[in-house]
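Student: I'd like a close look at one part of this protein, with enough of the surroundings to place it. Could you walk me through it in one go?

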Amino acid sequence: MNATSQNNLTVTNPSTFADELIAPAYLAAAIRGRLAASTSELSGFWFQVRGDRNNYARELQQQLAGDPVVVLVVRRAPFDNVNAVLDDFVVLLDENQEACEKRLTGDMATDRHAVVLLARNTLQIPQISSPVTLPAWFPRLGGRTASVIMEDLTWRAESPLNTTEAVIGELCQLLFDLEGALLERLHTVCTQNRAATDSLWDQTRRDGDGTFGDFLEGVRNIRREVRNSSSYRPSVREGRSLIARIWGKTQTTPPDSLGKPGKALAQALALPEAVDASWHRSIVAVLSRPAGPMPAKRAFATNIMVTITAACQMITAAAHADAYPSYPVPLIRSMSFDLRQGLAGARRTLIALDHYTG
């Protein structure tokens, strides 16, 4: 890979991927769903916010406009003793009497109400359902003993796989960028030592393909036609991209047999024995790793293959989100974050190999 090629590639900093909060719209949807299914007159929904809780409370309350829900910020009540949590709950209500009266009073067609508690931490006690005597001023239920459910939604708010927190556009962009780095490296190695790429080509070629060099040049030409890399979606069936060939090979290879194509890719990339350790080993690569130890360069190459495949699968699933269940937003966000770290880390490592080292 020459200096000019490196200058044309923008290295993405994975630290910019961190997303601290679930969008208020998704949390509001989760609250509405739980409130509709609740058998309790009053529900308490806890949610951890590490950033500005006041702004988040305002945005969430706007999303819940018209619903029998009030959003409150937990400031003084500790909520750390299972025997006193509902006492803390009543204290919080008293501290926010005006907001409760404003949001929970009116001509509402339901007898189920909710209080959302925004806190700095997760709820450190078991989820509970217990009776509590509400303040005399409390709308509709004042002075009564009501059954209250307290549930922490920090890790439970769900969304379809195409949620904005999946950041599918960045996944597509990073796949495109990683493919570019792979193509540069493979083209250089193939030009100077074609035999080093023979094993990889034997495992990824299809009927009608020419030489590996012809394939690489064809892929480079096709990439020039891509106008929006944030929508880049390779097709295994068409197999017109390097990403698609790697994806297809990984899909059809059992985890215990990934060492062979991983070795072929490492050889085709002319990786040194000691690969820069700054690359990120994605969790899917760890979970699907072959049994037994693996040389560093083969581990790096196998990580590329498995991470590419998982990213392509996530992009495809998001495109057909209505065919799949919803999942907790933090899970979707964390999976996307991990894959993006893996793709960006692999690309940085390849760029660092700025000349053919075979």
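Student: To set the scene, among contacts in the protein between residues at least 6 apart in sequence, what percentage join residues at least 24 apart? Then please take me through helix H2 and what covers its buried residues.

Tutor: Sure, and keep in mind that this is a predicted model. On your opening question, 80% of the contacts between residues at least 6 apart in sequence join residues at least 24 apart. The protein has 13 helices and seven strands, and buried residues account for 50% of its 358 residues. Its accessible surface is about 16,700 Å², with 49% of that belonging to carbon and sulfur atoms.

Now for H2, which runs over residues 24-37. With 14 residues at 1.5 Å a residue, the helix should span 20 Å, and its end C-alpha atoms are indeed 20 Å apart, so expectation and model agree. The buried residues of H2 are Pro24, Leu27, Ala28, Ala30, Ile31 and Leu35. Looking down the axis of H2, you'd see these buried residues fall within an arc of 160 degrees, so they line one face of the helix. Ala36 and Ala37, on the other side of H2, are exposed.

What sits over that buried face? The cover for the buried residues of H2 includes strands E1 (42-48), E2 (69-73), E3 (113-119) and E6 (158-159), along with helix H3 (53-63).

E3 is a good one to follow further. Seven of its seven residues are buried. His113, Val115, Leu117 and Ala119 point one way from E3, while Ala114, Val116 and Leu118 point the other way. That fits a general pattern: in a regular strand, side chains alternate between the two faces of the sheet. In E3, the residues pointing either way are all buried.

E3 also ties in with two other strands from the H2 cover. E1 pairs with E3 in the parallel sense over seven bridges, and Phe45 has Val116 of E3 as its bridge partner. E2 pairs with E3 in the parallel sense too, over five bridges, with Val69 standing opposite Ala114 of E3.

One last check, on the cysteines: the disulfide count comes to zero, taking 2.5 Å between sulfur atoms as the cut-off. The sulfur of Cys172 has its closest cysteine sulfur in Cys312, at 8.7 Å, so the two are too far apart for a bond. Both residues are buried, Cys172 with a relative accessible area of 3% and Cys312 with 2%.

Terms used:
Residues are numbered from 1 along each chain as its sequence is written. This is a predicted model: local features need pLDDT of at least 70, side-chain atom pairs count only at pLDDT 80 or more; totals for chains, interfaces and linings use all residues. Side-chain values use heavy atoms; hydrogens and water are left out. Helices (H or I, at least four residues) and strands (E, at least two) are DSSP runs, numbered from the N terminus. The expected span of a helix is 1.5 Å times one less than its number of residues. Buried means under 20% relative accessible area, exposed over 50%, partly exposed in between (1.4 Å probe, protein chains only). The arc is that of the directions from the helix axis to the C-beta atoms. Contact means heavy atoms within 4.5 Å. Accessible areas come from the Shrake-Rupley method with a 1.4 Å probe; for residues, only the protein chains shown count as cover. Two strands pair if DSSP finds at least two bridges between them.
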